[in-house]
Amino acid sequence: MNAMELYRQWLSDFADDAETIRELTDIRNDAAQIEDRFYRELEFGTAGMRGILGAGTNRMNIYTVRRATLALAQSILAIPGGKDRGVVIAYDSRIKSDVFARQTALVLAGMGVKAMLFESLRPVPVLSFSVRHTGAIAGVVITASHNPSVYNGYKVYWSDGGQMPPDSVRAITDRLPGISYTQAQPMEEKEAIQKGLLTILGGKIDDDYIAAVKKLSVNPGLAREMGRELKIVYTPLHGSGNIPVRRILREIGMENVYVVEQQELPDGRFPTVKVPNPEDPGAFALAVELQKQVGADLCIGTDPDCDRVGVACMEEDGGVRLLSGNQIGCVLLHYILSQKKLLGTLPENAAVVSSIVSTDMAKAICQDFGVTYIPVLTGFKYIAEQIKHFEETGRYTFVFGFEESFGFLSGTDVRDKDGVNACMLLAEAACYYKKQGMTMLDGLEGLFRKYGCYGDKVVSVVLPGKDGLAKMSGIMTRLRENCPRDFGGVAVEAVNDYLTGVRTDAHGGTQKLSLPQSNVLYYELDGGAWVCVRPSGTEPKIKLYANAVTQSHDATEALLTRIVDAAQALM
């Protein structure tokens, strides 16, 4: 059926749903809106679904959530013992997150699959931890991470606590075409509880999670010693981090934590920010204002599902500087490795894992400490895969993983980005520098002096709607068919095409790449710089990354500007 036919079918199928009918009736004369809502089904990819809230097959609503959940339930029923192990369900502060979470639990219950639903909102890392902690077969968290308020999402985790592996995703996507939007029916909540198919989760798991995070403290004595002096401003950006982040900071000894009052309570409208994204300087405006008022050493903020963390630091002149995800990652990496080496707790087979679009400075730090550095494709699931591989083979011990997109992890009880874990480590690192009479910025500049002035830029080109997919595909095809010889005069030494799995150098020599297949082009440039282009896996945009290193910040910035300007012209 075409978009208009599907539109009419929804008007018929959901005639008893006043909210849906009202929304669809309002667009009856808007052909473009009808097309956008019904030209496709909301894609279920490697991270589940994410889309704009509203009625339609290309929207997040109770019917798309129920349908995906029915496919998940069917795939679990095909696994011996899977239905009894159950599914843990969490949600953040977004609009209708609680509704979608409850619908997920009751559809699972209706299929005979045990559902374990949190009593109130919880961060992504708590969900990941709980899947492992309860022995569940899977987990679902309702969140759209750091996207604008009009979005929500449905993110699925597997039994290891990481995002679903490809074969498990296929088990769902292969079933979806055979499931109608009216087919999945939730069980009544009272009946689900009486039959033992719905359990409400509460504080005990929170206690166990916080205890697990505290074990990841690198130098607990340092935090207790300096926690009375250090001042921290924290903003949860209206999300799920408020309670667990404040708790972990309090329990490790941070006595001076100031919370941004206007952003303290959950609110899916995110009224004080354009986007609730710690990568966006605008999201830190209120926190920075408070930081200046109280003279805080450190300012930290987490996104709505509390898996990403941003940082702002006071400068000597009273200004404030926001750190990039790469800079945060390198500060944490150096703190962890240096303190573990000092205390004699750094494993001989220690390994650090980071995405290929993250800074090469991490590689330089690892080489300095004799630690193995392992690059992976973008997406924290690939870091989680490495952790699982380390456990199965015993070859390495995981000590830290991060992505340039503000995601960090130093333990193995959680298999995704953990904002609570990262906030604890950032507080410790700030204590470490304060004890030496330094700021975190002083420490970062020390790393630049030692390893080189690394810099990075990320540019996103938003291409929404039906035409956007075609445009993204066209850009990637054009770049593959016409490989540039240089970017802004900086020669291309090789291109890694992860879709074909081949690295081709400037002389035509080829070799096979070891990472999985992915629609990514990575250009190695003269002097250690690089450019990477990839379509986003969660948003309608194509992303351009660039990284360079020189002996001065000004030279690095100028070099990056040349490279990025040339790359944007090609796109």
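Ala, Val, Leu, Ile, Met, Phe, Trp, Tyr, Cys and Pro count as nonpolar here, Asp, Glu, Lys and Arg as charged, and the others, Gly among them, as polar. Keep that sorting at hand for the first exercise. The structure above is a predicted model.

**Exercise 1. A pocket and its lining**

Find the second largest pocket and describe what lines it: how many residues, from which elements, and of which classes?

*Solution.*

Step 1. Start with the space itself: the second largest pocket has a volume of about 380 Å³.

Step 2. Now look at the wall. The lining consists of 20 residues, and I356, P375, N496, Y498 and Y522 are those that lie nearest the centre of the pocket.

Step 3. Trace the lining back to the elements. Those giving two or more residues are β13 (372–376), β18 (490–497) and β21 (521–525). The largest share, three residues, is from β21.

Step 4. Sort the lining by class. There are 10 nonpolar residues, five polar ones and five charged ones.

**Exercise 2. Cysteines without partners**

How many disulfides does the structure have, and why is C532 not in one?

*Solution.*

Step 1. Recall the bond in question: a disulfide is a covalent bond between the sulfur atoms of two cysteines. The cut-off used for the pair of sulfur atoms is 2.5 Å.

Step 2. Apply that rule, and the count is zero disulfides. C423 is one cysteine to check: the nearest cysteine sulfur belongs to C306 and is 6.2 Å away, and C423 is in no disulfide.

Step 3. Turn to C532. The closest cysteine sulfur, in C483, is 13 Å from the sulfur of C532, which is too far for a bond.

Step 4. Add the surroundings. C423 has 0% relative accessibility and counts as buried. C532 is buried too, with a relative accessible area of 0%.

Step 5. Take a second look at C306, found in the loop between β9 (298–302) and β10 (309–314). C306 counts as buried, at 0% relative accessibility. The phi of C306 is near 55°, a positive value in a residue other than glycine.

**Exercise 3. Another positive phi**

Where does L237 lie, and is L237 buried or exposed?

*Solution.*

Step 1. Place the residue: L237 lies in the loop between β7 (232–235) and α12 (242–252).

Step 2. Read the accessibility. With a relative accessible area of 1%, L237 is buried, since buried means under 20%.

Step 3. Check the backbone. L237 is not a glycine, yet has a positive phi, near 50°.

**Exercise 4. The nonpolar cores**

Which helix gives the largest share of the largest nonpolar core?

*Solution.*

Step 1. Find the core. The largest one has 104 residues, and M254, I300, V311, F400, F408, L426 and M440 have the most contacts inside it.

Step 2. Look for the main contributor. Helix α17 (residues 419–435) gives the largest share of this core, with 12 residues.

Step 3. Finally, locate the second core, which is separate and has 42 residues, including L70, F100, A115 and V140.

**Exercise 5. Three salt bridges compared**

How many salt bridges does the structure hold, and which parts does the pair of D206 and R122 tie together?

*Solution.*

Step 1. Begin with the total: there are 28 salt bridges.

Step 2. Examine D206 and R122, whose closest N and O atoms are 2.9 Å apart. D206 is in helix α10 (residues 203–214), while R122 is in the loop between β3 (115–118) and α7 (124–134), so this bridge ties together parts that are 84 residues apart in sequence. Both D206 and R122 are buried.

Step 3. Go on to E557 and K457, whose side chains meet at 2.8 Å, N to O. This pair links distant parts of the chain, 100 residues apart: helix α20 (residues 553–570) holds E557 and strand β16 (residues 453–462) holds K457. E557 is partly exposed at 40% relative accessibility, and K457 is partly exposed at 24%.

Step 4. Then try K195 and E191, with closest N and O atoms 2.7 Å apart. K195 is exposed, its relative accessible area being 53%, whereas E191 is partly exposed at 30%.

Step 5. End with a group: K155, D307, D416 and K417 are linked in a network of salt bridges.

Definitions and conventions. Residues are numbered from 1 along each chain as its sequence is written. This is a predicted model: local features need pLDDT of at least 70, side-chain atom pairs count only at pLDDT 80 or more; totals for chains, interfaces and linings use all residues. Side-chain values use heavy atoms; hydrogens and water are left out. On a 1 Å grid over the protein atoms alone, a cavity is a set of points where a 1.4 Å probe fits but cannot get out, and a pocket is an open set with protein on both sides within 12 Å along at least five of seven lines; lining residues have an atom within 4 Å of a point. Grid points are joined across faces, edges and corners, and a volume is the space filled by probe spheres set on the points. Helices (H or I, at least four residues) and strands (E, at least two) are DSSP runs, numbered from the N terminus. Buried means under 20% relative accessible area, exposed over 50%, partly exposed in between (1.4 Å probe, protein chains only). A nonpolar core is a set of buried Ala, Val, Leu, Ile, Met, Phe, Trp, Tyr and Cys residues joined through side-chain atoms within 4.5 Å. A salt bridge is a side-chain nitrogen of Lys or Arg within 4 Å of a carboxyl oxygen of Asp or Glu.
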